[in-house]
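Let's take a walk through a protein together, starting with the whole and then visiting a few of its parts. Keep the structure open beside you as you read.

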Amino acid sequence: MKHRSLKVPFNALSTVLFLAFVFQPSSSDPAVTDLRHMHVDDRVMVQQLADWAIAPAAQGNELRVLHPADLAAATSSGHRRFQLFPHSASTEEQRRFLRDFPYGPAMALAAERHRVDGLLVAAIVETESGFKSNRVSPQGAVGLMQVLPSTAEEYGAKDLFDPRVNLDVGSRYLGELMTDFKGNVELAVAAYNAGPGAVERYGGVPPYRETKDYVKRVLTLYGEHHQTAGGRDNPFRLPSDRLGG
């Protein structure tokens with residue numbers, strides 16, 4: 001008991017000293033971030049990492065070991081890559097979840113046909129049209145997934161007001177964007193809104209307020225759908241400072 005009681009503050013102190021050392025600027029390493037000048041969201045992440053590391057010590061367990069690369073990744077302001085969920089809700093879970101949505105079975109069918117995530121399709125439909133199949137944008141985009149007639153013409157589709165046709169064309173186009181951007185959901189969603197040329201030109205999400213807000217909303221809904229459908233925590237949270245939050 002006496003040995004354990006001495007171990008707790010020592011482990012906690014070791015972790016605090018480690019974090020302080022990692023983030024202390026020096027002349028030999030000018031690139032190290034000074035905590036005083038970090039964005040508030042980054043400071044919160046560092047604090048959460050510190051709490052995570054110290055918690056086992058406070059409970060009398062072994063101290064978790066953190067590699068400096070873990071902390072660097074947590075505070076990096078560089079471009080992050082958002083992929084499909086590594087542990088996606090199963091097809092049956094998605095079908096059950098989508099049944100409660102307007103046009104849910106048609107969304108599931110179109111998504112499965114074109115091998116895209118049905119819950120991502122649902123997030124796009126909700127963002128694009130609010131599930132209104134007769135919606136037409138000022139730019140002439142039509143229906144549930146706000147498909148342009150020119151896109152439908154490329155695929156040989158005609159009646160975009162037919163929900164099944166609209167979902168089929170939109171899901172097919174989304175699937176092609178996912179392939180073009182090598183599975184990067186963030187870029188594929190941005191391209192769905194702003195066009196693939198804009199994403200390629202800027203090397204990421206274009207700096208348009210509309211597109212940034214669009215991407216944030218779609219990915220937030222996508223994460224929430226997976227959390228509900230799969231009964232898991234949402235690992236797909238976006239840093240609000242990057243996407244207009």
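**A guided tour**

The accessible surface of the protein comes to about 13900 Å², and 54% of that surface belongs to carbon and sulfur atoms; such areas come from the Shrake-Rupley method with a 1.4 Å probe, and for residues only the protein chains shown count as cover. You are looking at a predicted model, in which local features need pLDDT of at least 70 and side-chain atom pairs count only at pLDDT 80 or more, while totals for chains, interfaces and linings use all residues. Residues are numbered from 1 along each chain as its sequence is written, and side-chain values use heavy atoms, with hydrogens and water left out.

The secondary structure comes to 11 helices and 0 strands. Here helices (H or I, at least four residues) and strands (E, at least two) are DSSP runs, numbered from the N terminus. Of the 245 residues in the protein, 43% are buried. Buried means under 20% relative accessible area, exposed means over 50%, and partly exposed lies in between (1.4 Å probe, protein chains only).

Now look inside. In soluble globular proteins, nonpolar side chains tend to be buried together. The largest nonpolar core here has 47 residues, of which M107, V121 and L167 touch the most other members. A nonpolar core is a set of buried Ala, Val, Leu, Ile, Met, Phe, Trp, Tyr and Cys residues joined through side-chain atoms within 4.5 Å. Which elements give two or more residues to this core? They are α4 (91-98), α5 (104-113), α6, α8 (163-180), α9 (185-194) and α11 (209-230). Take V121 as a place to stop: leaving aside residues up to four places away in sequence, V121 touches M107, A111, V116, M145, L167, S171 and L174. Contact means heavy atoms within 4.5 Å.

Next, visit α4, where E93, Q94, F97 and L98 are buried. Seen down the axis of α4, these residues fall within an arc of 125°, so they line one face of the helix; the arc is that of the directions from the helix axis to the C-beta atoms. Their cover includes α5, α6 and α11.

F97 also leads us to some rings. Ring pairs link F97, F101 and F131 into a cluster. Rings of Phe, Tyr and Trp (its six-membered ring) pair if their centres lie within 6.5 Å; planes under 30 degrees apart count as stacked, over 60 as edge-to-face and the rest as tilted. The structure holds 4 aromatic pairs. The rings of F97 and F101 have centres 5.1 Å apart and planes at 55°, so this pair is tilted. F101 and F131 also form a tilted pair, because their ring centres are 5.6 Å apart and their planes are at 45°. That second pair links distant parts of the chain: F101 is in the loop between α4 and α5, and F131 is in the loop between α6 and α7, 30 residues apart.

Our last helix is α9, which is mostly covered, with 8 of its 10 residues buried. The cover over these buried residues includes α6, α8, α10 (196-202) and α11. At the N-terminal end of α9, N184 acts as a cap: a side-chain oxygen lies 3.2 Å from the backbone nitrogen of E186. After α9 comes G195, whose phi is positive, near 100°.

Finally, is L148 buried or partly exposed? At 36% relative accessibility, L148 counts as partly exposed. L148 is found in the loop between α6 (118-129) and α7 (149-154).

Definitions and conventions
A polar contact is a pair of N or O atoms within 3.5 Å; within protein, one must be able to donate a hydrogen and the other to accept it, and residues adjacent in sequence count only if both atoms are side-chain atoms.
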